[in-house]
Amino acid sequence: SVSPGVPRCPPAMLRDEDTEADFQRFLRRVDDVTNLLQGLNSPDSAVQKKAIAETEKRLQEQGASREEEEESRTTVNRTLINTSVRAFPSEIKAGLSSDGFLATLEKDAKERAQRRRRNDQLANALKEQGNEAFRAGDFALAIQRYSEGLNKLRDKQELYTNRAQAYLKLQEYEKAISDCEWALKCNKNYLKAYFLMGKAHLALQHFTEARQCYEKMLQIDPQKENLVKDCVSQARLEEKRVRDEERAEREVQAGNVTALSIQELLQTISSPGQDILYYTGAIRILAELVNDCTGQTFFRTNNGFSILRNEVVRGAFCAESKCPAEVELCVSLLLLWRAVCAGNEENQCLLLAQPDMGAQLAELLCSDNPQVQRETLALISLYSENESGRRLLLRQDLSRWLQLLMSFVKNTDARADGAMNILSDLTGEKRFQAQCGAMLSTSVLPLFTQLLACARQVNQAALARAVAVLGSLCADVGLRAQLAQSRECWQACLQLLDGSSDGSSSGYQQCVFAVLGLMMNMLLESNSTIQDFAVPISGRCLALLSHQDGRIVTRATGVLSRVLTASPSAVEEVVKGGVVKKMLRFLKAGGHLTSSYAIKTLSICTKSSRRAQEEVLRWDKRFQVLLKLLESGDELTVGNAAFCLSQCLQLPGAASSLLGSSVVLLLLRLAGGDARRTSVQQNSAIALGRLCMAEPRHIPQLRKLNGLAILNSSMKYVHSS
């Protein structure tokens with residue numbers, strides 16, 4: 001590491017000044033030759049003559065300094081163009097014509113391109129040999145092969161970074177940094193080079209330089225935000241660990257009593273042959289001492305996590321069926337882990353890194369002892385409640401956790417809330433969603449349907465949260481498809497809705513609200529199961545439209561707006577049940593979310609049911625509700641309103657009832673381009689065309705508004721519809 005006060009060179013700077021200068025001379029030479037070539041190819045004869053003269057001058061100068069040039073030649077790729085005298089025949093010096101000179105130059109470029117292709121093939125072969133050695137764990141051989149590849153082609157960036165990776169494995173961090181710098185000379189935006197250089201700086205505890213490398217990655221590719229975030233978090237955590245351990249060491253040197261006590265207790269617990277109660281008491285005392293960051297650091301630096309190597313301690317912790325003494329020791333150990341890991345990411349990481357710790361936590365969740373379960377849930381909550389802790393948890397196999405945590409709904413105490421808190425924390429994580437899929441149909445769904453069936457006997461608040469968790473998991477398309485395909489799941493949801501009434505407890509109504517939300521998410525799918533259940537689902541939701549809880553009414557309307565598309569029979573049943581009148585009432589009330597669901601429901605009904613069209617005409621005099629919706633700021637609502645209106649205009653007298661209204665102006669604006677969505681424009685155009693076909697007396701107003709051209713273009717949509 002660099003001593004304090006000595007400035008470090010920036011990450012992208014080369015450390016060898018002579019090599020850097022040589023590299024820059026090479027780049028300038030390439031620029032000069034490029035300019036000469038442009039002059040030789042110039043259509044201007046004067047420019048061409050000047051370029052030929054300059055070329056001959058340079059060839060003479062280079063011939064005089066050839067040996068010196070060979071000694072100082074840069075190790076960076078020179079295959080762009082060859083300026084050596086040896087590359088040109090002697091007749092150039094004798095005054096070859098410009099055409100002959102260009103032909104020779106072209107021949108030389110082709111020869112060099114061929115040599116580069118050969119060298120590239122050899123370098124690739126050596127790279128593959130190096131990769132095989134790397135995969136086999138022979139990092140020294142890998143470095144040798146990558147170096148041989150670089151001797152063939154000095155500007156092959158991946159050879160530098162591959163060799164840097166091998167150097168990292170051998171903990172030769174300075175060499176890794178140097179290779180990354182050379183890779184960046186080949187490609188200044190090479191992400192892998194910055195990533196590996198950041199890791200090398202981090203290993204050398206150059207925290208500022210590591211962060212600079214990661215920030216540069218984000219500048220180059222903003223899509224790598226998550227990767228960079230993880231890298232920066234790792235650097236922050238490592239820097240905190242180093243600072244904490246330095247502070248703890250100073251405390252030890254100063255004779256800190258707590259530090260000495262922690263050391264003695266850990267030695268006591270590590271000593272074999274003692275009674276289980278002896279270890280339990282020592283662990284309890286230790287948990288009380290580890291009450292701040294310094295104490296947590298003392299615990300870690302004194303190898304505190306090794307106490308599970310004690311056979312008595314590990315036996316009690318892992319025993320399937322625990323005696324009272326083993327339960328007491330297990331609870332004490334869980335309390336110690338909580339004290340050690342509270343707010344300490346480094347310790348959290350080390351705890352989960354212990355052998356089989358993730359699997360053991362799952363077993364403790366299954367314990368028949370409530371106290372063990374409570375402390376296990378409390379420990380897991382330390383992880384789940386923050387992002388870094390969740391990342392650590394998600395490295396474990398959590399495929400059983402959805403089922404295990406959901407089973408706590410059966411408990412009426414705080415364990416149910418604790419389990420649901422953890423589930424809520426984990427649900428949004430894609431890795432958790434992926435792991436849940438493996439056991440959803442075999443373990444989770446049977447438990448879930450069982451819980452819904454006995455909703456009145458379980459913790460209803462926790463059940464509502466469990467249902468909401470499943471609803472959130474529907475964000476994963478695979479999980480949603482599994483749920484929507486399950487007949488048992490739909491049957492359980494309907495069974496719970498059957499028990500709903502205004503007299504139900506607030507807890508049960510929370511469950512109803514959550515189940516409706518789950519159903520809405522499942523209805524994003526389309527399958528035969530949904531078609532089979534469409535009629536009973538619609539019937540239950542129609543009954544809920546009279547519920548006193550407005551949130552339940554809104555969600556029931558939302559379910560209707562999605563399920564009715566699956567079944568004409570369902571549409572027929574709800575229309576008979578008076579759904580049109582109810583939807584119009586909701587639209588008059590003006591709630592935004594409910595209105596969006598209600599107008600979509602009306603659109604579906606009027607599309608396939610003449611009775612629905614007639615009822616809209618009957619209950620919405622002069623289409624006042626629909627006309628108001630055409631002025632809504634929500635284009636989805638506007639589009640559905642225009643669609644619904646166009647269906648109703650097929651009824652005799654419907655178009656005449658709109659004479660003297662603003663309908664022509666509203667539809668003309670929307671069809672003419674005020675609406676951004678094409679579907680809204682088309683729905684409005686169809687409505688406008690049907691309006692004028694059914695009642696020609698609207699045409700004078702259309703002519704007055706200069707809308708005949710729009711009407712003519714609208715007719716193609718009318719005919720196609």
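# Exercises on charge, helices and loops

Arg-247 counts as partly exposed, because its relative accessibility is 31%, the class between buried (under 20% relative accessible area) and exposed (over 50%), computed with a 1.4 Å probe and protein chains only. The model is predicted, so local features need pLDDT of at least 70 and side-chain atom pairs pLDDT 80 or more, while totals for chains, interfaces and linings use all residues. Residues are numbered from 1 along each chain as its sequence is written, and side-chain values use heavy atoms, with hydrogens and water left out.

## Exercise 1. Salt bridges in helix α11

Determine which residue forms a salt bridge with Asp-244, and which one does so with Glu-246.

Solution.

Step 1. A salt bridge is a side-chain nitrogen of Lys or Arg within 4 Å of a carboxyl oxygen of Asp or Glu. The structure holds 34 salt bridges.

Step 2. The partner of Asp-244 is Arg-247, with 2.8 Å between the closest N and O atoms. Both belong to helix α11, where they stand 3 residues apart, about one turn of the helix. Helices are DSSP runs of H or I with at least four residues, strands are runs of E with at least two, and numbering starts from the N terminus.

Step 3. The partner of Glu-246 is Arg-243, and here the closest N and O atoms are 4.0 Å apart. This pair also lies in helix α11 (residues 225–253), again 3 residues apart and about one turn of the helix.

Step 4. Consider accessibility. Asp-244 is buried because its relative accessible area is 7%, whereas Glu-246 is partly exposed at 38%. Arg-243 is likewise partly exposed, at 38%.

## Exercise 2. A bridge in helix α20, and a network

State why Glu-387 and Arg-391 are separated by about one helical turn, and identify which residues are joined into one network by salt bridges that share partners.

Solution.

Step 1. Glu-387 and Arg-391 form a salt bridge whose closest N and O atoms are 3.7 Å apart.

Step 2. The two residues are separated by about one helical turn because they are 4 residues apart in helix α20 (residues 387–393).

Step 3. Glu-387 is partly exposed, with a relative accessible area of 38%, and Arg-391 is partly exposed as well, at 26%.

Step 4. Elsewhere, shared partners link Asp-120, Lys-127, Lys-156 and Glu-158 into one network of salt bridges.

## Exercise 3. The positive patch

Find which helix gives the largest share of the positive patch on the surface.

Solution.

Step 1. The patch of positive charge on the surface gathers Lys-581, Arg-585, Lys-588, Arg-618 and Lys-621. Patch members have over 30% relative accessible area and no salt bridge, and like charges are joined within 9 Å.

Step 2. Helix α32 (residues 579–589) gives the largest share, 3 residues.

Step 3. Arg-585 is placed in helix α32. Arg-585 counts as partly exposed because its relative accessibility is 45%.

## Exercise 4. The annotated repeats

Establish which residues the UniProt annotation "repeat: TPR" covers, and how many residues separate Tyr-190 from Gln-157 in sequence.

Solution.

Step 1. According to the unreviewed UniProt entry, the annotation covers residues 157–190 and 191–224; such annotations may be inferred rather than shown by experiment.

Step 2. Residues 157–190 are 79% helix and 0% strand, with end C-alpha atoms 8 Å apart. The span 191–224 is 79% helix and 0% strand, and its end C-alpha atoms lie 10 Å apart.

Step 3. Tyr-190 and Gln-157 are 33 residues apart in sequence, yet 8.3 Å apart in space, C-alpha to C-alpha. Tyr-190 sits in the loop between α8 (173–186) and α9 (191–203), and it is buried because its relative accessibility is 13%.

## Exercise 5. Loop residues

Decide where Gln-171, Arg-622 and Arg-309 are placed.

Solution.

Step 1. Most residues other than glycine have a negative phi. Gln-171, which is not a glycine, has a positive phi of about 60°. Gln-171 lies in the loop between α7 (157–169) and α8 and is exposed at 58% relative accessible area.

Step 2. Arg-622, also not a glycine, has a positive phi of about 55°. Its place is the loop between α34 (610–619) and α35 (624–629), and it is partly exposed at 39%.

Step 3. Arg-309 is in the loop between α14 (293–301) and α15 (311–318) and is exposed, with a relative accessible area of 67%. Arg-309 and Ser-270 are 39 residues apart in sequence and 7.8 Å apart in space, C-alpha to C-alpha.

Note on methods. Patch = residues over 30% accessible without salt bridge, like charges linked within 9 Å, V, L, I, M, F, W, Y side chains within 5 Å. Areas by Shrake-Rupley, 256 points an atom, 1.4 Å probe, with all protein chains shown as cover. Lys, Arg positive; Asp, Glu negative; His and termini not counted. Charge placed at Lys NZ, Arg CZ, Asp CG, Glu CD.
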